[in-house]
Amino acid sequence: MKESTPSTIHLKDYTPVDYKFETVYLTFELHNTNTLVHSKIEVEPLKKGSDLVLDGEELKLEWIKVNGQEFTSFAKKDDTLVLSNLPTENFTLEILVEINPEANKALDGLYKSGGIFCTQNEAQGFRRITYFQDRPDSLSKFTTKMIADKKEYPVLLSNGNPIESGDLADGKHFAVWEDPFYKPCYLYALVAGDLALVQDSYTTGSGRKIDLRIYIDKGNEDKCDHAMESLKKSMKWDEDRFGLEYDLDIYMIVAVDSFNMGAMENKGLNIFNSAYVLANQQTATDKDFYGIESVIGHEYFHNWTGNRVTCRDWFQLTLKEGLTVYRDQEFSSDMNSRVVDRIQGVQALRSRQFSEDAGPNAHPIKPKSYIEINNFYTATIYEKGAEVIRMYETLLGRDGFRKGMDKYFELHDGQAVTTEDFLNAMSVANGNYDFSQFKLWYDQAGTPKVVAKYNYDSSKKEFSITFTQSIPDTPGQTNKLPMLIPMKLGLLNASGKDMALTLVDASSQPQIAEGIVLLTKKEETFTFKNIDVLPVVSLNRNFSAPINLESDNSKEDLAFLMAHDSDSFNRYEAAQEFATQMMLDLVAKAQKAEKLSVDPLFEKAYGKIIEDNSIDNMFKALALTLPGQGTLHQRQEVIDYKATHAVCEFVLNSLASTYEREFAKIYSDLATEKPFSVSAAAMGERSLKNLALSMLMQIGTEETVAMAEGQFYNATNMTDEAKALQLLVHNEAQGADKAVKSFYDKWSSQTLVYQKLLGILGGNPSDSVYDKVLEMEQDKHYDRTVPNIVRALYGSFAANYTQFNHESGRGYKLVANKILELDKQNPQIASRFATLFKDYKRLPSNLKELAKVELTRIVETEGLSKNVFEIVSKTLA
């Protein structure tokens, strides 16, 4: 058992700081195992006579001085340093500590990644650097001096602008950086290493020339072009869309292999997981290129939404993350295909966040309590938070939303604020718009369920839709209030044209624009007049609200919407809903050992999408992709992994056989060699081509296997090479082992490509995958201290539903062992793996007992981190 239960932090207990840290001067004497950190802080007492409580972990305290004199009135308590009897007027506080960056395998604070010193301080890593008020509402101006061996660490970087540098005795040198902006310590950054530099510039709308720098390991210079172009596009987009210009003279990105997150928006010095910087045609897939553009944009946009205006406390995390995810989604939409980006965003929301909302760790986007804040960097905070921001724009319109953003910066630039401050700015800028009910989106967990019932009165030519909304119970929350839900809808006539929408009683029922009504009650009816014929109804267009929707739409209606809806997102949505309903029906039949068959109406509608040459290739590829097993699991009260997997394979095989000739033609037409490009059109061609190949591989003839092998061995880009390898491995084709060896021999020394191989092997649905995972963990290139590598192998295995949930329980035991191993060195990564048991309460009884054994073993482990304890204890509860 754990020695004690970790304490819970509550939003209601928030109190402001008692001491303001005006300026902070940090001096680092960098050394692998005994770095000295000297902090000199100008302090203003805000509550005279109070103790000053400083956070600190894994620190060796050398001394403390106040106003230049040794200070001894302090006490160490747990992971804090409490200073008493301090001056009541402004004073200077100095602290000297020693830390061991090389031993820091948690990758929090200052640590070594390969030969590079780097930092990660969000959320609470700065306390591993020195004793400090490690909280986001303590804003200071930072200056940093770094001293290091010049040969080993010729590049010395920190936040802000460089102001001084020079050589010192004994082969050392120094550099001083000054950040003119107030910031919390979680945005502090330091990097030192022997790094290559790719440099460019950007001229802002006001004519300022910004020095752009990307630092990488030597030899990777040819993999930075896409990241640099993405950065310049981001800077221009933020100026054009929101009028926000960059505020320093230099913007730097550093790519490191060992990093817990995707990237970190430290002011002026972003530190990135190398996976979101390095890319070229040979080593990166289209998904990688797309992800780099998105993440580069996300971290740059944080400069205003997160840095210039930051969070008062960590309960407000969605204030910066939800808003910035929305901004990066809009950026990606403008750079690529808007409908494709929306579909992919909703796919991610449903697969990650909806399941989170339905699981044991469900929480509102503004949680009221936590044990470990790092556990709340979740899809709910990010993706659902972004959907809440999107609803602001739906309610206010684009111009109204822009006014609200302008007011937000006008009122709060340079401050640490709350979600209420953001909501107030949106309201004030738009005639004191009433957001009182909308605020429930911040406070209530769970995905709202909306049921729509139709009624047509042909004599009055009136069509009514009755909406009923409910929010399921979640841990700690029951009896929830109705939400304000913007419902975008359309009524289609027999020719597929949208009909004019006019409410019979427009004065008493909310309608903010034609085609958008506001749901505000548990049940309400909207009646439209002048509807000459019974319409087909298109609901929640463009996914106007993050809800689960049930309607009276028949399968004939869904087939009609697949072909005719003017809202492209809902054409895709209709195809997904039709397929989901059909496949769930087939799961029920499979459980009874009844004969399976694909609905002829769906099969015909699917064929029409194949034949429709008016839609772009990327959209077509998405529309032809069937719902994944995870989507089907979400609608099962008790998950049947085997039956679901069998049904998915059956439907894929049936459609592939029916449209074999059509898929073969698509592949043949698109498999011609063209100059490589990362344009939306080129990515769309590769996506549709590889979809066609995957369907043909379902048939598994010698000819289709030869096509996959041909693509693998002759590929000129990683998208095609990796996809062909995946198809060979996951279909257990005869040449799969040879292809794996070829890929390994070619790419295993390049860690980002090696991770793709691990992901492919770990995702193999065959029973052989268990032994393969164990085998690859012993591979000489496998480094268990690098989060990307561990995620690639074990993350793909855990997403391999039939194998992770194997009836023997071996999958649960394997992942539980990995969680306990990781927890000893990197609790953040360990706790993220613990969330893989999110479906625990919906497991069949035999699997639930097996999972319970492993979860109980984890939670009873002595010395378990509070990170893992919080996740697992909630899962078991």
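Modeller: Ground rule before you start: buried means under 20% relative accessible area, exposed means over 50%, and partly exposed is what lies in between. Also, keep in mind that this is a predicted model.

Biologist: Fine. How many aromatic pairs does the structure hold?

Modeller: Rings of Phe, Tyr and Trp pair up if their centres lie within 6.5 Å. Run that over the structure and the count of aromatic pairs is 48.

Biologist: Take F569 and Y572, then: is the pair stacked, edge-to-face or tilted?

Modeller: Their ring centres are 6.1 Å apart, and the planes meet at 55°. Stacked needs under 30 degrees and edge-to-face needs over 60. An angle of 55° fits neither, so the pair F569 and Y572 is tilted.

Biologist: Which helix holds F569 and Y572?

Modeller: In sequence they're three residues apart, which puts about one helical turn between them. In general, an α-helix has 3.6 residues a turn, so residues three or four places apart point the same way. The helix that carries F569 and Y572, spanning residues 568–591, is α9.

Biologist: And are F569 and Y572 buried or exposed?

Modeller: The cut-off for buried is under 20% relative accessible area. Both F569 and Y572 count as buried.

Biologist: What angle lies between the planes of F804 and Y812?

Modeller: Both F804 and Y812 are buried too. Their rings sit 5.2 Å centre to centre, and the pair is edge-to-face. That class takes planes over 60 degrees apart, and for F804 and Y812 the angle is 85°.

Biologist: Which residue lies over the face of F181?

Modeller: For a lysine, the atom to check is NZ, within 6 Å of the ring centre. Here the distance from the ring centre of F181 is 4.5 Å, and the residue over the face is K267.

Biologist: What about cavities: how many of 30 Å³ or more are there?

Modeller: Rolling a probe the size of a water molecule over the atoms shows where empty space is left. The largest cavity holds about 50 Å³, and the second largest about 40 Å³. At 30 Å³ or more, the count of cavities is two.

Biologist: By class, how many charged residues are in the lining of the second largest cavity?

Modeller: D179, F181, Y182, K183, L187, K267, N307 and R308 line the second largest cavity, so F181 and K267 turn up here as well. Three of the lining residues are nonpolar and one is polar. Asp, Lys and Arg count as charged, and the number of charged residues in this lining is four.

Biologist: How do the residues of the lining of the largest cavity divide, and how many are nonpolar?

Modeller: The lining includes K105, R784, V790, L822 and I829. Three of its residues are polar and two are charged. The nonpolar number is five.

Biologist: I829 makes me curious about α24. How many of the eight residues of helix α24 are buried?

Modeller: The buried ones are Q828, I829, A830, S831, F833 and A834. What covers them includes α21, α23 and α26. Helix α24 is largely enclosed by the rest of the structure because, of its eight residues, the number buried is six.

Biologist: On to the backbone. N67 and L107 both have a positive phi without being glycine, so is L107 buried or exposed?

Modeller: L107 is in the loop between β9 and β10, and its phi is near 60°. N67, in the loop between β5 and β6, has phi of about 55° and is partly exposed at 44% relative accessibility. For L107 the relative accessible area is 3%, which makes L107 buried.

Biologist: Where is the peptide bond with omega near 5°?

Modeller: An omega of that value makes the bond cis. A123 belongs to the loop between β11 and β12. The bond runs from E122 to A123.

Biologist: Last one: what relative accessibility does T310 have?

Modeller: T310 lies in strand β22. Leaving aside neighbours within four places in sequence, its contacts include P136, L139, Y186 and V417. T310 counts as buried because its relative accessibility is 2%.

Technical notes: Residues are numbered from 1 along each chain as its sequence is written. This is a predicted model: local features need pLDDT of at least 70, side-chain atom pairs count only at pLDDT 80 or more; totals for chains, interfaces and linings use all residues. Side-chain values use heavy atoms; hydrogens and water are left out. On a 1 Å grid over the protein atoms alone, a cavity is a set of points where a 1.4 Å probe fits but cannot get out, and a pocket is an open set with protein on both sides within 12 Å along at least five of seven lines; lining residues have an atom within 4 Å of a point. Grid points are joined across faces, edges and corners, and a volume is the space filled by probe spheres set on the points. Rings of Phe, Tyr and Trp (its six-membered ring) pair if their centres lie within 6.5 Å; planes under 30 degrees apart count as stacked, over 60 as edge-to-face and the rest as tilted. Helices (H or I, at least four residues) and strands (E, at least two) are DSSP runs, numbered from the N terminus. Buried means under 20% relative accessible area, exposed over 50%, partly exposed in between (1.4 Å probe, protein chains only). A charge sits over a ring if NZ of Lys or CZ of Arg is within 6 Å of the ring centre and within 35 degrees of the ring normal. Contact means heavy atoms within 4.5 Å.
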